[in-house]
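Got the model loaded and a selection box ready? Let's walk through it one pick at a time.

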Amino acid sequence: MNLNLGMTHLRCIVAIADHESFTAAASALGMVQSSLSRSVAEAERRLDVTLFERTTRRVVVTPDGVAVTQ
């Protein structure tokens, strides 16, 4: 996996992994949830992987997401 990401992408990914919630991560980063979602979508597009499994109730980090956050 080629990590072609900026610091904002990485901060967003780590915050979501830590908070297990897009809303809580956005709040912790002082940004709106829609901006956070766009940043993660861009990171996933650049990496060509899924970083998080999303449901209406929770967010789970995928193995690729774990690799990025470590």
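Start by selecting Phe52, in a model that is predicted. Phe52 has a relative accessible area of 1%, so under the 20% cut-off it counts as buried. Now add Phe22 to the selection, which is buried as well, at a relative accessible area of 10%. Together they make the one aromatic pair in the structure. How are the two rings arranged? Their centres sit 6.0 Å apart and their planes meet at 75°, so Phe22 and Phe52 form an edge-to-face pair. Colour by secondary structure and you'll see Phe22 in helix α2 and Phe52 in strand β1, so the pair ties together parts that are 30 residues apart in sequence.

**Next pick: helix α2**

Select residues 22–29, which make up α2. Which of its residues are buried? Those are Phe22, Ala25 and Ala26. They span an arc of only 100° around the axis, and that puts them on the same side of α2. Spin the helix around: the face turned away from that buried side carries Thr23, Ser27 and Ala28, which are exposed. To see what covers the buried residues, switch on the elements around them, including α1 (7–19), α3 (33–47), β1 (52–54) and β2 (59–61).

Both ends of α2 deserve a stop. At the N-terminal end, show Ser21 as sticks: it caps the helix, with a side-chain oxygen 3.3 Å from the backbone nitrogen of Thr23. At the other end, α2 is followed by Gly30, where phi is positive, near 70°.

Step back from Ser21 to Glu20, in the loop between α1 and α2. Here phi is near 55°, a positive value in a residue other than glycine. Is Glu20 buried or exposed? It is exposed, with a relative accessible area of 54%.

**Next pick: α3 and its two helix partners**

Keep α2 on screen and bring in α3. The two pack at an angle of about 105°, with their axes 9 Å apart; α2 and α3 are therefore roughly perpendicular to each other. To light up the contact, select Phe22, Thr23, Ala25, Ala26 and Leu29 on the α2 side, then Gln33, Leu36, Ser37 and Val40 on the α3 side. Phe22 from the aromatic pair turns up in this contact too.

Swap α2 for α1. The angle between α1 and α3 is about 105°, and their axes are 9 Å apart, so α1 and α3 are roughly perpendicular to each other. From α1, pick Thr8, His9, Cys12, Ile13 and Ile16; from α3, pick Leu36, Ser39, Val40, Glu42, Ala43 and Arg46.

**Next pick: His9**

Zoom in on His9, in helix α1. With a relative accessible area of 12%, His9 is buried. What does His9 touch, not counting residues up to four places away in sequence? It touches Ser39, Glu42, Ala43 and Arg46. Closer to home along the chain, the backbone nitrogen of Gly6 lies 3.1 Å from a polar atom of the His9 side chain.

**Next pick: Glu44**

Move along α3 to Glu44, which is found in that helix. For its accessibility, the number is 14%, so Glu44 counts as buried. Draw a distance from its side chain to Leu51: a polar atom of Glu44 lies 2.8 Å from the backbone nitrogen of Leu51. Leaving aside neighbours within four places in sequence, Glu44 is in contact with Val49, Thr50, Leu51, Phe52 and Arg54. That list takes you back to Phe52, where the tour began.

On the way from α3 to β1, pause in the loop at Asp48. Asp48 has a positive phi of about 60° although it is not a glycine. At 67% relative accessibility, it counts as exposed.

**Last pick: Val66**

Finish in helix α4 (residues 63–69), where you'll find Val66. At 35% relative accessibility, Val66 counts as partly exposed. Select Leu51 again and put a distance between the two C-alpha atoms: Val66 and Leu51 are separated by 7.8 Å, though they are 15 residues apart along the chain.

Note on methods: Residues numbered from 1 in each chain as written. Predicted model: local features only at pLDDT ≥ 70, side-chain atom pairs only at ≥ 80, totals over all residues. Heavy atoms only, no water. Buried < 20%, exposed > 50% of the residue type's maximum accessible area, 1.4 Å probe, protein only. Helix = DSSP H or I, 4+ residues; strand = E, 2+ residues; numbered from the N terminus. Arc of directions from axis to C-beta. Contact = heavy atoms within 4.5 Å. Polar contact = N/O pair within 3.5 Å; in protein donor to acceptor, adjacent residues only side chain to side chain. Phe/Tyr/Trp six-rings, centres within 6.5 Å; stacked < 30°, edge-to-face > 60°. Axes fitted to C-alpha atoms, helices over the stretch in contact; angles between N-to-C directions. Parallel < 35°, antiparallel > 145°, perpendicular 65-115°, else oblique.
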